[in-house]
Amino acid sequence: MKLLLRRIASPLAAVWLAVLAAGCGAPEVENLNDELFYVRYAPLPEGSYHLKLAPVGDTIFASGKEGAVLRLRLKNLDFRAVTIPGWYRKEADNIILNLRPYRPDETTEEAVAAASEMIAIGPDFREGQEPPARSSLVLQPQNAVFVDFPLEFVAGAPPDKGAYFIGFVELNLESVWVYSDMFIIQVVPESTMQ
């Protein structure tokens with residue numbers, strides 16, 4: 001994604017501001033009309049980080065109920081600190097949830113055929129809007145950051161019906177490529193919850 005820096009007097013100042021804003025990432029700066037500067041966060045070298053993204057909270061939610069949240073953990077499994085440039089300050093913007101309907105009795109062949117039905121749910125960045133605030137995230141060895149991702153589709157489910165979904169989450173960043181293992185989300189009638 002791009003970070004927008006508004007009306008900077010000199011291109012050299014824009015480059016220094018971009019470097020400071022990006023932390024340890026190596027940003028590319030583009031000058032557009034001498035008014036706007038866009039910063040792209042360069043990817044970290046492959047093998048320079050060992051991160052794990054996984055759900056750690058509930059994956060069973062009451063259908064029709066507001067406020068369902070999937071809690072995720074991004075953990076640095078390495079023995080050295082990792083600096084992730086371009087981390088969105090609004091935590092949920094860092095996540096894309098890919099999911100599809102799931103039947104517990106589906107065969108492997110049916111699962112492979114249904115893989116094209118995955119729907120990506122993520123932040124809604126629109127052209128012309130102010131870009132979201134970003135900064136660098138530093139994860140020390142064996143430390144983690146937790147991200148709460150809202151599951152708005154759960155509130156729209158009929159309260160007396162249930163459904164299964166299978167999917168995975170990935171980081172919505174250009175600087176690192178991290179995704180989780182597959183997991184199942186259950187949406188069940190509230191009357192069946194303990």
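In this predicted model, strand E5 and strand E13 (residues 183–188) run parallel and are joined by three bridges. Two of the residue pairings are easy to pick out along the way: Phe-61 sits opposite Val-187 in E13, and Ala-62 has Val-188 of E13 as its bridge partner. E13 also pairs with strand E12 (residues 163–171), this time in the antiparallel sense and over five bridges. Here Tyr-164 is the residue that faces Gln-186 of E13.

Those pairings belong to an open sheet of five strands, and reading across it gives the order E5-E13-E12-E8-E9, with mixed pairing. Strand E5 (60–62) and strand E9 (119–121) stand at the edges with a single partner strand each, so one side of either strand has no neighbour in the sheet. On average, and with direction ignored, neighbouring strands here are turned by 30° against each other.

There is another open sheet to look at, built from three strands in the order E4-E6-E11, and its pairing is antiparallel. E4 and E11 are the edge strands, each pairing on one side only. Neighbouring strands in this three-stranded sheet are turned by 20° against each other on average, again ignoring direction. E4 and E6 run antiparallel and are held together in the model by five bridges, and within this pair Ala-54 stands opposite Arg-73 of E6. Taken as a whole, the protein chain has two helices and 13 strands.

Now for what lies inside. The largest nonpolar core contains 33 residues, and the ones with the most contacts inside it are Leu-74, Ile-84, Trp-87, Leu-151 and Leu-171. Plenty of strands chip in: strand E4 (51–55), strand E6 (69–76), strand E7 (82–88), strand E8 (95–101), strand E10 (134–139), strand E11 (144–150), E12 and E13 each supply at least two core residues. E7 gives the largest share, with four residues.

Leu-151, one of the core residues with the most contacts inside the core, is a good place to see how separate parts of the chain meet. Leaving aside neighbours within four places in sequence, Leu-151 is in contact with Phe-61, Ala-68, Val-69, Leu-70, Leu-97 and Ile-185. Phe-61 turns up here again, having already appeared opposite Val-187 in E13.

Val-169 offers another view of the interior. This residue lies in strand E12, and because its relative accessibility is 0%, Val-169 counts as buried. Not counting residues up to four places away in sequence, Val-169 touches Leu-53, Leu-70, Leu-72, Ile-95, Ile-96, Leu-97, Tyr-179, Ser-180 and Phe-183. Asn-98 is 71 residues away from Val-169 in sequence, yet the C-alpha to C-alpha separation of the two is 6.0 Å.

The chain-wide numbers give some context for these examples. Among contacts between residues at least 6 apart in sequence, 73% join residues at least 24 apart. Of the 194 residues in the protein chain, 36% count as buried. The accessible surface of the protein chain comes to about 11,500 Å², and carbon and sulfur atoms account for 54% of that area.

One backbone detail in a loop also deserves a mention. Gln-142, in the loop between E10 and E11, has a positive phi of about 65° although it is not a glycine. Most residues other than glycine have a negative phi. With a relative accessibility of 37%, Gln-142 counts as partly exposed.

Finally, a word on confidence. The mean pLDDT of the protein chain is 80, and 78% of its residues reach 70 or more. Over residues 1–27, however, the pLDDT is below 50, and this stretch has 60 contacts in the model beyond near neighbours in sequence. Residues 29–38 also have a pLDDT below 50, with 28 contacts in the model beyond near neighbours in sequence. Where pLDDT is low, the predicted coordinates should not be read in detail.

How values were computed. Residues are numbered from 1 along each chain as its sequence is written. This is a predicted model: local features need pLDDT of at least 70, side-chain atom pairs count only at pLDDT 80 or more; totals for chains, interfaces and linings use all residues. Side-chain values use heavy atoms; hydrogens and water are left out. Two strands pair if DSSP finds at least two bridges between them. Axes are lines fitted to C-alpha atoms, for helices over the stretch in contact, and angles run from 0 to 180 degrees between N-to-C directions. Buried means under 20% relative accessible area, exposed over 50%, partly exposed in between (1.4 Å probe, protein chains only). Contact means heavy atoms within 4.5 Å. Accessible areas come from the Shrake-Rupley method with a 1.4 Å probe; for residues, only the protein chains shown count as cover. A nonpolar core is a set of buried Ala, Val, Leu, Ile, Met, Phe, Trp, Tyr and Cys residues joined through side-chain atoms within 4.5 Å. pLDDT is the predictor's confidence in each residue, from 0 to 100.
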